Amino acid sequence: MPLDLPDRRATRRDLPWPTRGLAYGGDYNPEQWPESVQREDVALMREAGVNLVTLGVFSWGHLEVADGEWELGWLDRVLDRLHENEIMVDLATPSAAPPIWLHRAHPEILPVSRTGVRYAQGGRLGWCPSSPVFRRYAVRMASVLAARYGDHPAVRMWHVGNEFGGGNRHCYCDVSAAHFRSWLTDRYGDVTTLNAAWGTAFWGHRYGSIDEVLPPRDSESAANPSLLLDFDRFSSDALLADYQAERDAVREHVRDRPVTTNFMVQEGPGVVDHAAWSEHVDIRANDHYLIADDPLPEEEWAFGADRMRGLDPSRPWLLMEHSTSAVNWQPRNRSKAPGELMRHSLTHVARGADGALFFQWRQSVQGAEQFHSAMLPHAGTRTKVWQEVVELGQAMRALGEVAGSTVAPAPVALLYDDVAGWAWQRGQKPHHDLSAAHAARDLHRALWRRGVTCDIVPPHADLSGRAVVLVPALYLTDDATAAAVASAAASGARVLVTYLSGTVDPDDRVRTGGYAGAFAALCGVYVEEFFVLQHHETVAVRTADGHAGTARDWTERVHADDATVLGTYAEGHLAGLPAWTRRAVGAGAAWYLSARLAESTLTRVVDDVLADAGLTAPAQAAPGIEVVRRVGEGRSWMFLINHTDRDVPVAATGHELLTRQDVAGSLTIPAGAVRAVREADRAG
Ligand code: GAL
């Protein structure tokens, strides 16, 4: 039986934030410990300044011990103890971890891989997003919990499941296949339209009926990229329907508390379409982990935070999970350096998060995550981690007054899209080592170094009022987005479109007549051919005023039909042809960048775009100093994060919240430290 398609009930924006001030705490899994340890937990939580814990995320097997048999007494006691200690609770529906008894009774709920193998019990998210059987059990469990705890005074927020799709993103079973076909019928109506949208004339893969369509199961040769893309879209929607079913079960009993789930917004395209999901959570929440081998992790933290904020810059969001130190799922799990925890957490607060939570409160001694860091480490409280957790708790209290404020309107919007990322990632492509994230991070890094704030927004975001609009590698672009970007330029924005943008339409069909298709007319260029570079290759480029630079990874054969050439290729097959261009458009301009430029060369281009837009870097943005401003109710706060190992003086006047000092004109940010100044000389 096909399941219902996702409903479109919107976010409830007016529900109270779960804590007074900023939220601080983490996932709390007390079922792993005896009650004596649980009593110690709350005492230490108070010492650390914890005011919110996410409870029960993986507790299904401890709550429903057999089909319909509930043991809720332990949860009652934990909730009461937390309440007595004034620690608020984000209560989870534990659907991310189905119990063993459920898998044994209904092995058909386990997802099936591309190769047709049904996964076994014992992992996480072991359920098919289209399974009506799983749905029935999950909704029943959510209803039982919501009915019992909906009025509990400690429960201030509901947390449905955990990281939807982070383990069951795609299921290729027959139930999923039927659900996929019903989704396709909804999208295309009939098989003729589907055949046209997918270009099934290629290899003669024309379908006689939508009933003949299968998910993109394993095959030795390449699959149709339009099919791959639609399966990604469908999978995101199928998971969203699961989220909605549980959320609605909770809302039946709980009307005045926000319901959410945690996203995984980092640099790459998501496992779900976050822009679409964002409309269905009452508070947007994110999990953000340190990537150990990232050469510039602090910029990646900012990138993730700017993406979360960009989903709706008008409201604070919540950092639902990050780590106090090392994780356990990367090849080499680096511990955080002293001070890095504070910088990572407060980067998110500076960029609009009204809280910072961790996975998890107490480090597990057993189980799959026994070597993942936690707020309370194996070694106990005589540790760097614990000391920094306590210091961060103090900092979060000291910063309490920023709660409810938002980041000052960003002059720059950077368009970034999970769906366009999938389209570029799936199927055979000219370049398999270059992702949309590379292009987006390159531009973001240049702005980050200048202290220019940028909202990373989905394609359909309102662009009005932006001084600069960046369109990095937006491979799939619909006509509405292209029109909105063109109209932003006409109204005065400086638009920078990079290589790969506008290449295909929403059906994943190449726009003919020259690449950059959706943006070609706006930029006044005609892109004839891609010239992909090998790992070891670089190509010299030159600016119109004679500066030398470098391109790597990607170049294109471009003609400036109706644009001024600002940079050219200086060697190789493309020597003398444009590398980047500018076209005056109405009150603004459109730039086209055809190459992945080395950092110093790209910085020059971005500086030119900023200058063209009349944007200047804040005076405080010295090298390695991150500057972000939050504003609200007539006040403003300047966050300053020192990523260097030197003390750096900056200009500031007001009151510094973390050291509780008045500042008159100048403030020294100690090496590796964070400061937040309530500004005396600015209105919010
Ligand atoms: C998250 C997950 C947590 C924990 C964490 C470890 O993705 O939600 O439950 O597993 O990763 O880094």
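In this predicted model, a polar atom of the Asn224 side chain sits 2.9 Å from the backbone oxygen of Trp198. Asn224 belongs to the loop that links helix 7 (191-198) with helix 8 (225-253). Apart from its neighbours within four places in sequence, Asn224 is in contact with Trp198 and Thr200.

Attention turns next to the ligand. Its surroundings are formed by Phe58, Arg124, Asn162, Glu163, Asp287, Tyr289, Glu321, Trp329, Phe359, Glu369 and His372. Sorted by class, this shell holds 5 charged, 4 nonpolar and 2 polar residues. Oxygen atoms of the ligand meet polar side-chain atoms in several places: one such atom of Arg124 lies 3.0 Å from a ligand oxygen, while for Glu163 the distance is 2.4 Å and for Glu369 it is 2.4 Å. On its own the ligand has 310 Å² of accessible area, and the protein covers 94% of this.

A further part of the model to explore is an open sheet of 10 strands with mixed pairing, in the order 14-13-15-16-23-22-21-18-19-24. Strand 14 (454-457) and strand 24 (596-597) form its edges, each pairing on one side only. Within the sheet, strand 22 (residues 578-585) and strand 23 (residues 588-593) run antiparallel and are joined by 6 bridges; here Thr581 stands opposite Tyr592 of strand 23.

Helices accompany these strands. Helix 15 (residues 479-490) packs on the sheet, where it touches strand 13, strand 15, strand 16, strand 22 and strand 23, and its direction makes about 125° with that of strand 23. Helix 14 (residues 436-450) lies across several strands, among them strand 15 (468-471), strand 16 (494-498) and strand 19 (548-552), and runs at about 165° to strand 13 (412-415).

Key: Residues numbered from 1 in each chain as written. Predicted model: local features only at pLDDT ≥ 70, side-chain atom pairs only at ≥ 80, totals over all residues. Heavy atoms only, no water. Near = heavy atom within 4 Å. Polar contact = N/O pair within 3.5 Å; in protein donor to acceptor, adjacent residues only side chain to side chain. Areas by Shrake-Rupley, 256 points an atom, 1.4 Å probe, with all protein chains shown as cover. Nonpolar A, V, L, I, M, F, W, Y, C, P; charged D, E, K, R; others polar. Helix = DSSP H or I, 4+ residues; strand = E, 2+ residues; numbered from the N terminus. Contact = heavy atoms within 4.5 Å. Pairing = 2+ DSSP bridges. Axes fitted to C-alpha atoms, helices over the stretch in contact; angles between N-to-C directions.
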